[in-house]
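Q: Got a minute to go through a structure with me? I'd like to start with the pockets and then see where the chat goes.

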Amino acid sequence: MATRQVTRHAARQATEQATNPDTRQATSMTYDRKKPEELRSHRWLGVDDLRSFGHRSRAAQMGYQREDYAGKPVIAILNTWNDLNPCHSHFRARAEDVKRGIWQAGGFPVEMPAISLGETFQKPTTMLYRNLLAIETEEQLRSYPIDGCVLMGGCDKTTPALIMGALSMNLPSIFVPAGPMLRGNWAGKTLGSGSDVWKYWAELKAGNITRETWGDIENGIARSAGTCMTMGTASSMTAIAETLGLTLPGASAIPAVDSNHQKMASASGRRIVEMVWDDLKPRDFLTAASFDNAVTAVLGLGGSTNAVIHLIAMAQRAGVTLPLQRFDELARTTPVIANLRPTGAFLMEDFYYAGGLPAFLMALSPLLDMNCGTVTGKSLGANIAKAENYNPDVIRSLDNPVAASGGLVILQGNLAPDGAVIKPAAAESHLLKHTGRAIVFDSYNDMNARIDDPALEVDADSVLVLRNCGPQGGPGMPEWGQLPIPKKLLQQGVRDMVRMSDARMSGTSYGACILHIAPEAYVGGPLALVKEGDLIELDVENRVLNLKVDDAELERRRAAWTPPPKRFERGYGKIFMQHIQQADKGCDFDFLEGDAPTAEPEIH
């Protein structure tokens, strides 16, 4: 099913090619087509026994006739809509577009709501619940008569969670990304999610804009359904899903409210039915090279630091080892060629009009393995063979990058023996080699209480340290890593300084922020041993993050360290604390990783 990229004037061709019967036939010729009695759902609905009588009679109770589902693939639509997830507010309608495609292709669609991880409203962080959605995805697919699934996600953690669960179950699966929202607008200026929030919040604190102006920005920055329109975590993860071959070509950049998004959703519904007949499952085509492609893509996009954690977890579910250092190896040779905020100048709507991810991948193709498989049944290279770049300022060439490298860098040293992450291209360059005096905050509340205190002994050369905000300490590793600049420094014109934590930060954020320090302070990592006034050395070029304290002193501090009290005594939180792994391991639960087959349920 070869398709070209989706742009404002090419989406129609992409949709037509994605659903052309002749193209589908050519794709499926390489597979042994399933027979209806070989469908997984046949065990529930197709056999002649008492239990199947019950299943069929209950289907009739819902108004279905046997002709609606008999001998047809049953397709689950896992929909992460809810009323507190604005990124997915269009998913109620979009699920109907997916259903239309499934019916057209001869499948039987069943919509199955799944927990919605709404980034803006769910506290303390959606990352606390990523693994819960992954479990729900796997178990819904396992326990019901499902032959294949359409995964509907986009808001930051929903994408990796859905994919992780689907990889573990390993049924034919296709991902439908939510799509970015439209550009923000205020007083003739274009606004970008997150990035401009931090920018203008700093200006408000510095006294450079009024509260009235701040209110106008609040009302203009989010203008439609869809995910953040910067290259934040949402767009990074959906781009990764497309690069891995889990979406239709060009799907990830279509704005949520563009009619081409509806067409893509229906085309995805049609395609998943063919995937079931072909028995094309994600672990059939996802390889180490697929994940190298995804890492390279997120580096070239100047994508979110959060992608590091999610990609490691996703790879583990696919049976692929993706060590943290692999990101650094690929970063050394991968330029940033997407001129997108927060690293660059443009937004996702511009990226879509420029040719979207297919055009970007074509520009990056010398660094990619184009033979990797995809949900189309064709290779990544075949999918993007006709991609065109309509705006070379938005999607740069390899010889005219936004930054020669530095999309992401992995740091190590006595402060981060298991690694830490920084996005150098989003920081002020003079801070990338820096030694400064530590200002230490033991928690987010401690930081919030003291950061703007005029008596805080801080200057532009200080290093702000936030700890106990990691996987267990947060709990859930909240996005607190873009520590605010102290108000008195903002008033002096300071807009960046070295900040470090065991937390994450929003993919829309920017600055010299060192993140994901592992192991975290809450479990006794070296970050727990830092004292106010200690000197901290950062050297991005040499990948160094060190506390300038001798080993003997660190050992004395370690011996005196006292573990913090338990976070949870019961419930999901207790399970989380017992089984969550550190950032360098992808923060998956230790009992969920791996690609062992999921047991099929007994039907009695």
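A: Sure. One term before we start: a pocket here is an open set of grid points with protein on both sides within 12 Å along at least five of seven lines, and its lining residues have an atom within 4 Å of a point. Also keep in mind that this is a predicted model.

Q: Okay, so which residues lie nearest the centre of the second largest pocket?

A: Those are Met62, Phe108, Val110, Tyr144 and Pro145, out of a lining of 19 residues. The space in that second largest pocket comes to about 460 Å³.

Q: Which element gives the most to that lining?

A: Strand S2 (108–113) does, with five residues. Helix H3 (42–45) and helix H4 (50–61) each supply at least two residues as well.

Q: And by class, what does the lining of that pocket have?

A: There are 14 nonpolar residues, two polar and three charged.

Q: Switching to charges: how many salt bridges does a search of the whole structure find?

A: It finds 37. One of them joins Arg33 to Asp278, where the closest N and O atoms are 3.0 Å apart. That pair links distant parts of the chain, 245 residues apart: Arg33 is in the loop between helix H2 (21–28) and H3, while Asp278 is in helix H12 (residues 259–278).

Q: Is Asp278 buried or exposed?

A: Asp278 is buried, at a relative accessible area of 3%. Its partner Arg33 counts as partly exposed, with 38% relative accessibility.

Q: What does Asp350 meet in a salt bridge?

A: Asp350 pairs with Arg183, at 2.8 Å from N to O. Asp350 lies in helix H17 (residues 348–354) and Arg183 in the loop between strand S4 (173–177) and strand S5 (184–186), so the bridge ties together parts that are 167 residues apart in sequence. Asp350 counts as buried at 16% relative accessibility, and Arg183 as partly exposed at 24%.

Q: Which residues are linked in a network of salt bridges?

A: Glu119, Asp156, Lys157, Glu479 and Arg504 are linked that way. Within that group, the side chains of Arg504 and Glu479 meet at 3.2 Å, N to O. Arg504 sits in the loop between strand S11 (499–501) and strand S12 (513–514), and Glu479 in the loop between strand S10 (463–466) and helix H21 (487–490), so this pair ties together parts that are 25 residues apart in sequence.

Q: How accessible is Arg504, and what about Glu479?

A: Arg504 counts as buried, at 1% relative accessibility. Glu479 has 24% and counts as partly exposed.

Q: New topic, cysteines. How many disulfides does the count come to?

A: Zero. Cys87, for instance, is in no disulfide, and the nearest cysteine sulfur, that of Cys155, is 3.7 Å away.

Q: Why doesn't the sulfur of Cys155 count as bonded to the one in Cys87?

A: Because 3.7 Å is too far for a bond. The cut-off for a disulfide is a pair of cysteine sulfur atoms within 2.5 Å. Both residues are buried, by the way: Cys87 has a relative accessible area of 11%, and Cys155 is at 1% relative accessibility.

Q: What about the backbone? Where is there a cis peptide bond?

A: The bond from Arg341 to Pro342 is cis, with omega near 10°. Pro342 has its place in the loop between helix H16 (324–331) and H17. The bond from Gly474 to Pro475 is cis too, with omega near -5°, and Pro475 falls in the loop between S10 and H21.

Q: Why bother pointing those out?

A: Because most peptide bonds are trans, and most residues other than glycine have a negative phi.

Q: Then which non-glycine residue has a positive phi of about 60°?

A: That's Met477. Met477 lies in the loop between S10 and H21, and at 1% relative accessibility it counts as buried. Ala187 also has a positive phi, near 50°.

Q: Where does Ala187 lie, and is it buried or exposed?

A: Ala187 is in the loop between S5 and strand S6 (189–191). With 61% relative accessibility, Ala187 counts as exposed.

Technical notes. Residues numbered from 1 in each chain as written. Predicted model: local features only at pLDDT ≥ 70, side-chain atom pairs only at ≥ 80, totals over all residues. Heavy atoms only, no water. 1 Å grid on protein atoms, 1.4 Å probe; cavity = no way out; pocket = protein on both sides within 12 Å on 5 of 7 lines; lining within 4 Å. Points joined across faces, edges and corners; volume = space filled by probe spheres on them. Helix = DSSP H or I, 4+ residues; strand = E, 2+ residues; numbered from the N terminus. Nonpolar A, V, L, I, M, F, W, Y, C, P; charged D, E, K, R; others polar. Salt bridge = Lys/Arg side-chain N within 4 Å of Asp/Glu carboxyl O. Buried < 20%, exposed > 50% of the residue type's maximum accessible area, 1.4 Å probe, protein only.
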